[in-house]
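Please open the structure below in your viewer and keep a selection box at hand. The tour moves from one selection to the next.

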Amino acid sequence: MRILVTGGAGFIGSAVCRRLVLQTGAAVINVDKLTYAANLASLASIERLETYSFLQSDICNREVVDLAFADYEPDAIIHLAAESHVDRSINGPDAFINTNIVGTYTLLQAARTYYERLPLQRRKQFRFVHVSTDEVYGSLGPDDLFREDTPYRPSSPYSASKAASDHLALAWFRTFGLPVIVSNCSNNYGPYQFPEKLIPLTILNAIDRKPLPVYGDGKNVRDWLHVDDHAAALIKLLHEGKPGEKYNFGGDAQRSNMDVITRICDELDRIIPCAGPRRSLITFVPDRPGHDARYAIDASKANRELGWKPTRTFEQGLAETVRWYLKNRTWWERTRRGVYDGSRLGLLASQH
Ligand SMILES: NC(=O)c1ccc[n+]([C@@H]2O[C@H](COP(=O)([O-])OP(=O)(O)OC[C@H]3O[C@@H](n4cnc5c(N)ncnc54)[C@H](O)[C@@H]3O)[C@@H](O)[C@H]2O)c1
């Protein structure tokens, strides 16, 4: 198969590209604008292979996207390109509206034009996998789970822009017959994640013995999924998902932010003990505006219909991730020095 991946220089996109090329034998063209969040070093293991190619472009650029479809003639598209950090969406929503909504619209239109010209047999096989988040469902109480039919109640500019893109994607299925499949996944963690998100930020700050910020009371719960399990889910979805349907993916690993942070401290203390326990670096900071209390996924549809389930426990995956960041300083040191130093994002002027 020839697959057009958008956002393949990002955290999840690079895991999808590596898996497609190295484990499934598919050919990939990665279309990525290379924003601050991109890192081409994440693709070092495949960048020289004939089955991998790269096109630097904004997905909002219809002309270039049309050319990519025409030249590459993909059998499918996995759309991951997005602005992805909630805190940044509070400080500057513009890029989120442009990339997540207008960019998805541009891709859907380009894919539709391309799809309508395909011969019947190739049209039957074509798929557009739209990668989204569980944050579109909003905040849960203490006991419920997000199901595919949970109503959308996004809280942040990020999740609202992703919700809009999900609605567009499914409308393109219902109105134009474009074979779109939508995935809504919980928080991912693992290697190659840009160190603005909770887990890599905490690991790097704890390595450097810097303060470990805890938003609010630290009791917010996320359902953590390892990025490789998510990449496997998306590839299964491409082959076995039903067009026009939504699928939830989660790690069955609900943990509070405080649990995650203390576990990272203890793991690092075990590997590189130092004078005092790293838990002493924990610092409570003002909460994120609109911070959702709890996310948790009911992934039974993916399990039943795709035979998918996560392969690691959170504790295994987190320990592996901590070791990965320790061993791969060159991957993140340049980013910490030149792109983002870990300082607080996403506060309103009144909170400073
Ligand atoms: N990280 C998570 O926990 C998580 C969970 C569920 C869903 N998702 C979704 O998965 C997708 C990937 O997330 P991620 O964490 O890998 O994001 P990321 O921020 O690590 O990477 C995003 C990539 O998209 C590229 N990009 C951004 N704007 C672009 C544009 N206009 N044109 C082309 N490329 C552009 C960036 O250069 C970057 O390489 C997103 O759609 C996100 O909403 C993420």
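The stops below cover the ligand and its surroundings, then two pairs of packed helices. Keep in mind throughout that this is a predicted model.

**Stop 1: the shell around the ligand**

Select the ligand and the residues around it. There are 28 of these residues, and the nearest are Ile 12, Asp 32, Ser 84, Tyr 158 and Lys 162. Color the shell by residue class: 13 residues are nonpolar, 11 are polar and 4 are charged.

Which elements supply at least two residues each of this shell? Select helix H1 (11-24), strand E5 (127-133) and helix H6 (157-176) to see them. Strand E5 gives the largest share, with 3 residues.

**Stop 2: contacts to the ligand**

Now select Ile 59 and show its backbone. One of its backbone N or O atoms is 2.9 Å from a nitrogen atom of the ligand. Move to Leu 80, where a backbone N or O atom sits 3.0 Å from a ligand oxygen atom. Then select Lys 162 and show its side chain. Here an N or O atom of the side chain lies 2.7 Å from an oxygen atom of the ligand.

How much of the ligand does the protein bury? On its own, the ligand exposes 840 Å², and 97% of that is buried by the protein.

**Stop 3: helices H2 and H4**

Hide the ligand, then select helix H2 (residues 62-72) together with helix H4 (residues 94-116). Their axes come within 10 Å and cross at roughly 40°. H2 is therefore oblique to H4, since an angle between 35 and 65 degrees is neither roughly parallel nor roughly perpendicular. The crossing of this pair, H2 and H4, is right-handed.

**Stop 4: helices H7 and H11**

For the last selection, take helix H7 (residues 198-207) and helix H11 (residues 314-327). These two pack at an angle of about 50°, and their axes are 10 Å apart. H7 and H11 are therefore oblique to each other. Viewed for handedness, the crossing of H7 and H11 is right-handed.

Technical notes
Residues numbered from 1 in each chain as written. Predicted model: local features only at pLDDT ≥ 70, side-chain atom pairs only at ≥ 80, totals over all residues. Heavy atoms only, no water. Near = heavy atom within 4 Å. Polar contact = N/O pair within 3.5 Å; in protein donor to acceptor, adjacent residues only side chain to side chain. Areas by Shrake-Rupley, 256 points an atom, 1.4 Å probe, with all protein chains shown as cover. Helix = DSSP H or I, 4+ residues; strand = E, 2+ residues; numbered from the N terminus. Nonpolar A, V, L, I, M, F, W, Y, C, P; charged D, E, K, R; others polar. Axes fitted to C-alpha atoms, helices over the stretch in contact; angles between N-to-C directions. Parallel < 35°, antiparallel > 145°, perpendicular 65-115°, else oblique. Left-handed = near helix turned anticlockwise from the far one by under 90°.
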